[in-house]
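Me: Please take a close look at the spaces within this protein and at what surrounds them. I would like one connected account, including any unusual backbone in the loops.

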Amino acid sequence: MAVSESSLPVAALCWRDGCLQILDQTLLPAAEQWVALHDAASAAGAIGRLAIRGAPNIGITAAYAMAMQTALTPDDPAVAEAGRVLCAARPTAVNLAWAVARMQTAILAVDVAERPAVARAEAEAIHAAEDAASAAIALLGADLLAGSRRILTHCNTGTLACGGTGSALAVVSELAQRGPISVLSCETRPLLQGARLTIWELRRGAIPHELLVDGAAAGLIRRGEVDAVIVGCDRVAANGDAANKVGTYAHALAAHAAGIPFVVAGPTSTIDASIATGEEIVIEERDADEVRHAGGALLTSPDTPCRNPAFDVTPAELITALVTERGVASPPTRESVLGLLATPFGQRRDA
Ligand code: MRU
């Protein structure tokens, strides 16, 4: 259901009038339309069609969806089914399954009568923690990249992707507050999160930027036109291998060949310590029509066979540093990544 409240804040989502409101990102930048979600099924649908997207925001949306569904049907089978429906929406970003598991643990620990209030409080706690994580990542990442002026990024990792100001794009915003920078934003085919969403956020932040096609990045890096690459992540394995939007791995290879930093930023909710390496990360394959079309126009024959992996995995050895709210793993290794997870928020640990 569409809502038309012009007073809604500039963010990707907010709780209002007893339900979760999301800014429909499929319509940006042409239109800013908010949509109300009321239960697990509507939230799973919004996640699946990328109306709400970005690893942290997928987790936050799932948390609120569990809360809304628990208010409707608080019994054990319904709580289990809501989790199943949400987790089936998208497989790669671990924040989704992480948030569902955390919500189910909190909900099932109390009597049925208490569940709606407990679920709502837990969802708000997840949202607040992701907001705080963004702020910490911004500061740590900007310290790490001090002196880098020409930054290349991929996909969208700002407010539209996270509960707070972002991951990689929050670092970029912090750098811009500290001194002059310029940003190269890759357009991010097929769904153009860079062209549509990152440029929208950079314009709002008055941060100097240029848009480039994804294939231009390696050549510009090789020609010395980029000081550092920073991207977000959707799932980080225990050894530091990181899944992110398809195209990221190519930027990492180019950065490695040119000897410039390649930095991954994300909250610890994106680390999946249950998997040893990135080999175990399930890569979402999306509909072929996303590749056949751009901006609503058909680019090829309507029946052209396509591959559409939504993510790729960058091996840890190509990653200069992993920046989280709990500290920086530089380089990311099994020891440094697990060390971050063992560090309480607020007690910075660098390794
Ligand atoms: O398919 P999307 O748009 O959800 O992919 C998003 C990304 O790949 C982001 O880089 C990632 O979620 C990190 S956002 C902090």
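Reply: A pocket here is an open set of points on a 1 Å grid over the protein atoms alone, with protein on both sides within 12 Å along at least five of seven lines. The model is a predicted one. Its largest pocket holds about 340 Å³ of space. Its lining is made up of 18 residues, and those nearest the centre are Thr159, Thr165, Ser173, Glu201 and Gly205. Two elements each give two or more residues to this lining, namely helix 6 (168-178) and helix 7 (193-204). Ser173 falls within the bounds of helix 6, and Glu201 within those of helix 7. Helix 6 contributes the most, with 6 residues. By class, the lining of the largest pocket has 9 nonpolar, 6 polar and 3 charged residues.

The loops leading into these two helices have unusual backbone. Most residues other than glycine have a negative phi, and most peptide bonds are trans. Cys155, which is not a glycine, has a positive phi of about 65°, and its place is in the loop between strand 5 (150-153) and helix 6. Arg189 and Pro190 are joined by a cis peptide bond with omega about 5°. Pro190 is in the loop between strand 6 (182-186) and helix 7. Another cis peptide bond joins Ser330 and Pro331, with omega about 0°; Pro331 is in the loop between strand 17 (327-329) and helix 11 (334-341).

Now for the closed spaces. There are 3 cavities of 30 Å³ or more. The largest cavity has about 190 Å³ of space. It is lined by 23 residues, and Arg53, Gly54, Ala55, Asn156 and Asp234 are the closest to its centre. Helix 2 (55-72) and strand 10 (242-245) each provide at least two of the lining residues. The largest cavity has a lining of 10 nonpolar, 9 polar and 4 charged residues. Residues of both domain 1 (12-131) and domain 2 (137-350) take part in that lining, so the largest cavity lies between the two domains.

The ligand shares some names with that cavity. Around the ligand are 19 residues, the nearest being Arg53, Arg90, Asp234, Asn244 and Lys245. Arg53 and Asp234 are thus listed both here and among the residues closest to the centre of the largest cavity. Asn244 and Lys245 fall within the bounds of strand 10.

Three side chains can be given with distances from an N or O atom to an oxygen atom of the ligand. For Lys245 the distance is 2.7 Å, for Arg90 it is 2.8 Å, and for Gln193 it is 2.9 Å. Taken alone, the ligand exposes 410 Å², and 100% of that is buried by the protein. Gln193 also falls within the bounds of helix 7, one of the elements that line the largest pocket.

Methods
Residues are numbered from 1 along each chain as its sequence is written. This is a predicted model: local features need pLDDT of at least 70, side-chain atom pairs count only at pLDDT 80 or more; totals for chains, interfaces and linings use all residues. Side-chain values use heavy atoms; hydrogens and water are left out. On a 1 Å grid over the protein atoms alone, a cavity is a set of points where a 1.4 Å probe fits but cannot get out, and a pocket is an open set with protein on both sides within 12 Å along at least five of seven lines; lining residues have an atom within 4 Å of a point. Grid points are joined across faces, edges and corners, and a volume is the space filled by probe spheres set on the points. Helices (H or I, at least four residues) and strands (E, at least two) are DSSP runs, numbered from the N terminus. Ala, Val, Leu, Ile, Met, Phe, Trp, Tyr, Cys and Pro count as nonpolar, Asp, Glu, Lys and Arg as charged, and the others, Gly among them, as polar. Domain bounds come from an automatic or database domain assignment. A residue is near a molecule or strand if one of its heavy atoms lies within 4 Å of it. A polar contact is a pair of N or O atoms within 3.5 Å; within protein, one must be able to donate a hydrogen and the other to accept it, and residues adjacent in sequence count only if both atoms are side-chain atoms. Accessible areas come from the Shrake-Rupley method with a 1.4 Å probe; for residues, only the protein chains shown count as cover.
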